Amino acid sequence: MTPAVIQLAAEAAERRSAEVTDWGERIAWVVGLLVFIAFVYWLMRQGWKWRGALQNDLPELPAAPDGLPEHRLALTGRYHGSTTAGQWLDRIVAHGLGVRSRVELTLTDAGLDVVRPGATDFFVPAAQLRGARLDKGIAGKVLTEGGLLVVTWAHGDKLIDSGFRSDRAAEHAAWVEAVNLMNQSITTEGAER
């Protein structure tokens, strides 16, 4: 044999085939990762339930009365959640107020009717409305400046900010004006009595 052939034979002997994948170890890693992800989601759910338990002093949400007067304004869009008034990161989750959903808002002389397909509907009587403003964020949702309609209302002994975004953002200014004028007339009527 020639030295070149001997060298090739030695190199071939040194080379080994690639190791076979250890499927048991790989499956164990995948299962471990899935268990970790499930644990994190479980912790998040427990945190949500704990927050709801802390807010159980909040009374039930009122339902819309029968025979509402003709609406002043109406919009369709998204409900982004409710927070403690003035604290845009303190989300309220009790009674379904933390659930995002589509929304149909109707403002009447009787109050604000909030219809949420797939979530709990509620009604804010006119006497409970405290005002409205344009803002850029509420817990879990940040938009451009003025991209969110925030309505402040009283429920029980708590002031609540609820965030809405219309499908047509140009409507927001009319809503702010109407709710604030409504609040001003209710406040003025209460002062006269």
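The legends below describe close-up views of a predicted model.

**Figure 1. Overall fold of the protein, with three helices and 10 strands.** Along the sequence the elements follow the order α-α-β-β-β-β-β-β-β-β-β-β-α. The protein has 193 residues, of which 32% count as buried. Among contacts with a separation of 6 or more, 61% are between residues 24 or more positions apart. The exposed area is about 12100 Å², and carbon and sulfur atoms supply 59% of this area.

**Figure 2. Residues 27-44, annotated as a transmembrane region in UniProt.** The annotation comes from an unreviewed entry. In the predicted model the span is 100% helix and 0% strand. The C-alpha atoms at its two ends lie 26 Å apart.

**Figure 3. Pairing of strand 3 with strand 1 and strand 4.** Strand 1 (residues 71-84) and strand 3 (residues 101-108) run antiparallel and are joined by eight bridges. Within this pair, L107 of strand 3 stands opposite L73. Strand 3 also pairs with strand 4 (residues 111-115), again in the antiparallel sense, over five bridges. One of the positions in this second pairing is T106, whose bridge partner in strand 4 is D113. The connection from strand 3 to strand 4 is a hairpin of two residues.

**Figure 4. Surroundings of V103 in strand 3.** V103 has a relative accessible area of 1%, under the 20% limit, and therefore counts as buried. Its C-alpha atom is separated by 5.7 Å from that of T76, although the two residues are 27 residues apart along the chain. Not counting residues up to four places away in sequence, V103 touches a run of residues from L75 to Y79, namely L75, T76, G77, R78 and Y79. V103 also touches V114, V115, R116 and F164.

**Figure 5. The largest nonpolar core, with 27 residues.** L105, L112 and L149 touch the most other members of this core. At least two residues each are supplied by strand 1, strand 3, strand 4, strand 5 (122-125), strand 6 (129-135), strand 9 (148-155), strand 10 (158-166) and helix 3 (172-192). Helix 3 provides the largest share of the core, five residues. In soluble globular proteins, nonpolar side chains tend to be buried together.

**Figure 6. Contacts of L149, one of the core residues that touch the most other members.** Neighbours within four places in sequence are left aside in this view. L149 is in contact with L75 and L105, and with A132, R133 and L134. Further contacts of L149 are S162, G163 and F164, together with H172, W175 and V176. Of these partners, L105 is itself among the core residues with the most contacts to other members.

**Figure 7. Surroundings of T84 in strand 1.** T84 counts as buried because its relative accessible area, 14%, is under 20%. What does the side chain of T84 make a polar contact with? The partner is the side chain of D90, at 2.8 Å. Leaving aside neighbours within four places in sequence, T84 is in contact with D90 and I92, and also with K158, L159 and D161.

How values were computed. Residues numbered from 1 in each chain as written. Predicted model: local features only at pLDDT ≥ 70, side-chain atom pairs only at ≥ 80, totals over all residues. Heavy atoms only, no water. Pairing = 2+ DSSP bridges. Helix = DSSP H or I, 4+ residues; strand = E, 2+ residues; numbered from the N terminus. UniProt positions renumbered as here; feature names shortened; annotations may be inferred. Core = buried A, V, L, I, M, F, W, Y, C linked by side-chain atoms within 4.5 Å. Buried < 20%, exposed > 50% of the residue type's maximum accessible area, 1.4 Å probe, protein only. Contact = heavy atoms within 4.5 Å. Polar contact = N/O pair within 3.5 Å; in protein donor to acceptor, adjacent residues only side chain to side chain. Areas by Shrake-Rupley, 256 points an atom, 1.4 Å probe, with all protein chains shown as cover.
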